[in-house]
Amino acid sequence: MPGWLIDLFGSRQVNEAFLFITLAPLPIWFALVFLPNKRWTRWISSPFLAPPLLGVLYLVLVWNLFDLGAPGAPDVAHKSVRGFLRHPLVFLVLWSHLQMANLFVAVVLREDARLRRMAIPVELALCWLFAPLAVVIYTVRRLIRRLSLPDSR
């Protein structure tokens with residue numbers, strides 16, 4: 001189904017899906033940032049619970065994309081890929097993918113920081129939309145911390 005047809009007749013549903021994808025993991029994000037050491041935070045943010053739950057939504061979106069007729073695969077050219085991403089369902093699939101991946105990165109960073117007894121609220125907050133930047137900042141902080149701690153040998 002062409003993107004313009006989805007925009008014409010399904011713009012409300014597309015907007016609602018976008019908001020749901022963006023806001024569904026919000027309680028997990030708040031728990032990770034503000035209550036990272038609570039037992040229930042570790043439970044709800046388990047890499048085997050939260051990201052797979054979002055993965056179900058991802059699979060539904062992928063199913064709908066192919067059920068309604070996925071747009072043709074783009075060439076390896078910027079303009080072609082940009083046009084492909086303008087399809088509303090392709091965008092929702094990729095946005096869902098990004099949210100799930102960012103949450104997974106945050107969960108892994110939080111667990112690593114917990115084991116090292118580090119507080120990383122800034123990195124976790126950044127992970128919601130900028131996970132690669134959060135990983136860089138966390139890595140630099142770990143390196144600085146490692147260099148500044150006295151040698152335990």
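In which direction, left-handed or right-handed, does H6 cross H7? I will start there and work outward. The crossing of H6 past H7 is left-handed. Please keep in mind that this is a predicted model.

First, the overall picture. The protein has 7 helices and 0 strands. Along the sequence the pattern reads α-α-α-α-α-α-α. There are 153 residues, and 31% of them are buried. Take the contacts between residues with a separation of 6 or more: 66% of these join residues 24 or more positions apart. The accessible surface is about 10,100 Å², and carbon and sulfur atoms account for 70% of that surface.

Back to the pair I opened with. Two packed helices are described by an angle and a distance, both taken between their axes. For H6 and H7, the axes come within 9 Å, and the crossing angle is roughly 35 degrees. On the H6 side, the residues that meet H7 include Trp95, Gln99, Asn102, Val105, Ala106 and Leu109. On the H7 side, the residues that meet H6 include Leu124, Cys127, Trp128, Phe130, Val135 and Tyr138. By type, the residues of this contact are 14 nonpolar, 2 polar and 3 charged.

Let me go through three residues of H7, beginning with Trp128. Trp128 lies in helix H7, and it counts as partly exposed because its relative accessible area is 24%, while buried would require under 20%. Which residues does Trp128 touch, leaving out those up to four places away in sequence? The answer is Thr22, Leu26, Trp29, Gln99 and Asn102. One of these, Leu26, is 102 residues from Trp128 along the chain, yet their C-alpha atoms are separated by 9.0 Å.

Next is Val135, also in helix H7. Val135 is partly exposed, with a relative accessible area of 33%. Setting aside neighbours within four places in sequence, Val135 is in contact with Val105 and Leu109. Both Val105 and Leu109 are among the H6 residues that meet H7. Within the chain, Val135 and Glu123 are 12 residues apart, and their C-alpha atoms are 7.4 Å apart.

The third is Arg145, again in helix H7. At 29% relative accessibility, Arg145 is partly exposed. Beyond residues up to four places away in sequence, Arg145 touches Arg116, Arg117 and Met118. From Arg145 to Met118 the C-alpha distance is 9.7 Å, across 27 residues of sequence.

That brings us to Arg117. Where is Arg117 found? Arg117 is in the loop between H6 and H7. Why does Arg117 count as exposed? Arg117 is exposed because its relative accessibility is 74%, and the cut-off for exposed is over 50%. Its phi is near 55 degrees, which is a positive value in a residue other than glycine.

Now the interior. The largest nonpolar core has 21 residues, and those touching the most other members are Leu32, Leu103, Ile120 and Cys127. H2, H4, H6 and H7 each give two or more residues to this core. H6 supplies the largest share, with 6 residues. There is also a second, separate core of 9 residues, with Val14, Leu61, Leu89 and Leu92 among them.

Leu32 takes us to helix H2, which covers residues 26–34. The buried residues of H2 are Ile28, Trp29, Ala31, Leu32 and Val33. What covers them? The cover includes helices H3, H4, H6 and H7. Leu32 itself touches Thr41, Ser45, Leu103, Ala106, Val107, Arg110 and Leu124, with residues up to four places away in sequence left out. Of the residues I have just listed, Leu103 also belongs to the group with the most contacts in the largest core.

One last residue, from H4. Leu68 is placed in helix H4, and with 36% relative accessibility it counts as partly exposed. Leu68 and Leu89 are 21 residues apart along the chain, with 9.4 Å between their C-alpha atoms. Leu89 is one of the residues in the second core.

To close, the points to take away are the left-handed crossing of H6 past H7, the 21-residue core to which H6 gives the largest share, and the exposed Arg117 in the loop between H6 and H7.

Methods: Residues numbered from 1 in each chain as written. Predicted model: local features only at pLDDT ≥ 70, side-chain atom pairs only at ≥ 80, totals over all residues. Heavy atoms only, no water. Buried < 20%, exposed > 50% of the residue type's maximum accessible area, 1.4 Å probe, protein only. Helix = DSSP H or I, 4+ residues; strand = E, 2+ residues; numbered from the N terminus. Contact = heavy atoms within 4.5 Å. Areas by Shrake-Rupley, 256 points an atom, 1.4 Å probe, with all protein chains shown as cover. Core = buried A, V, L, I, M, F, W, Y, C linked by side-chain atoms within 4.5 Å. Axes fitted to C-alpha atoms, helices over the stretch in contact; angles between N-to-C directions. Left-handed = near helix turned anticlockwise from the far one by under 90°. Nonpolar A, V, L, I, M, F, W, Y, C, P; charged D, E, K, R; others polar.
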